[in-house]
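Here's a quick, friendly tour for anyone who hasn't looked at this one before. Have the picture open and follow along.

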Amino acid sequence: MKARRAAAVDNKYTGSAGEAAAANYLISIGWQILATNWETEVGELDIVARDGQAVVFIEVKTRSSYKFGRPAEAVGRDKQYKLSMMAAQYIKKNRLLNIPARFDVIEVTAYAINHIRNAFESRISF
């Protein structure tokens, strides 16, 4: 049981470190961070940022290796649907209905940051 708790703590630390690295990367390329770890009853948006006129919902996936595949592969249909639901809530709450929106995924590994723009289409309409 202790090993499972230690792994969960390690994963949370790794995820937080990856999200911080992703946010720093976005700032370095001139993006404005609007929110981090924005919570809803459905889940949490890792990063919400502004790229020019667009609001971008970014899912950050951090891995220590590619042993279980690329990090972005963990953003399947179910996760995309949840992200779409949370993005719709963010858009409505912040009155951004007339602003272009998109979904990006940022993969963070020990070796690199890989930014996948327009990673998927919304699974719901805003």
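## Starting at a loop

Let's begin with T40, which you'll find in the loop between β1 (32-39) and β2 (44-51). Bear in mind as you look around that this is a predicted model.

Is T40 buried or exposed? T40 is buried, because its relative accessible area is 15%, and the cut-off for buried is under 20%. Its side chain also has a partner in the backbone: a polar atom of that side chain lies 3.0 Å from the backbone nitrogen of V42. Further along the chain, and leaving aside neighbours within four places in sequence, T40 is in contact with M86 and Q89.

## The whole chain

Now zoom out. The chain has two helices and five strands, and if you read along the sequence they come in the pattern α-β-β-β-α-β-β.

How much of the chain is tucked away? Of its 126 residues, 35% count as buried. There's also a figure for contacts between residues at least 6 apart in sequence: 59% of them join residues at least 24 apart.

## The sheet

The strands make an open sheet of five, in the order β1-β2-β3-β4-β5, and the pairing is mixed. At the edges sit β1 and β5 (113-120), each of which pairs on one side only. From one strand to the next, the twist averages 30°.

Go back to the loop where we started. β1 and β2 run antiparallel, with six bridges joining them, and the link between the two is a hairpin of four residues. To spot a facing pair here, find I33, which stands opposite A49 in β2.

Over at the other edge, β4 (residues 101-108) and β5 also run antiparallel, joined by five bridges. Here you can look for E107, whose bridge partner in β5 is N114.

## Two asparagines with a twist

Most residues other than glycine have a negative phi. Two asparagines in this chain go the other way, and each sits in a strand that we've just met.

Take N37, which is in strand β1. Its phi is positive, about 50°, although N37 is not a glycine. N37 counts as partly exposed because its relative accessibility is 31%, and that class lies between the 20% and 50% cut-offs.

Then there's N118, in strand β5. N118 has a positive phi too, near 50°. With a relative accessible area of 55%, N118 is exposed, since the cut-off for that class is over 50%.

## A cavity inside

How many cavities of 30 Å³ or more does the structure hold? There is one, and about 30 Å³ of space lies in the largest cavity.

Which residues line the largest cavity? The lining is made up of L45, D46, F57, I58, E59, L83, F103, D104 and F120. β2, β3 (54-62) and β4 each supply at least two of these lining residues. The biggest share comes from β3, with three residues.

Conventions: Residues numbered from 1 in each chain as written. Predicted model: local features only at pLDDT ≥ 70, side-chain atom pairs only at ≥ 80, totals over all residues. Heavy atoms only, no water. Buried < 20%, exposed > 50% of the residue type's maximum accessible area, 1.4 Å probe, protein only. Polar contact = N/O pair within 3.5 Å; in protein donor to acceptor, adjacent residues only side chain to side chain. Contact = heavy atoms within 4.5 Å. Pairing = 2+ DSSP bridges. Axes fitted to C-alpha atoms, helices over the stretch in contact; angles between N-to-C directions. 1 Å grid on protein atoms, 1.4 Å probe; cavity = no way out; pocket = protein on both sides within 12 Å on 5 of 7 lines; lining within 4 Å. Points joined across faces, edges and corners; volume = space filled by probe spheres on them.
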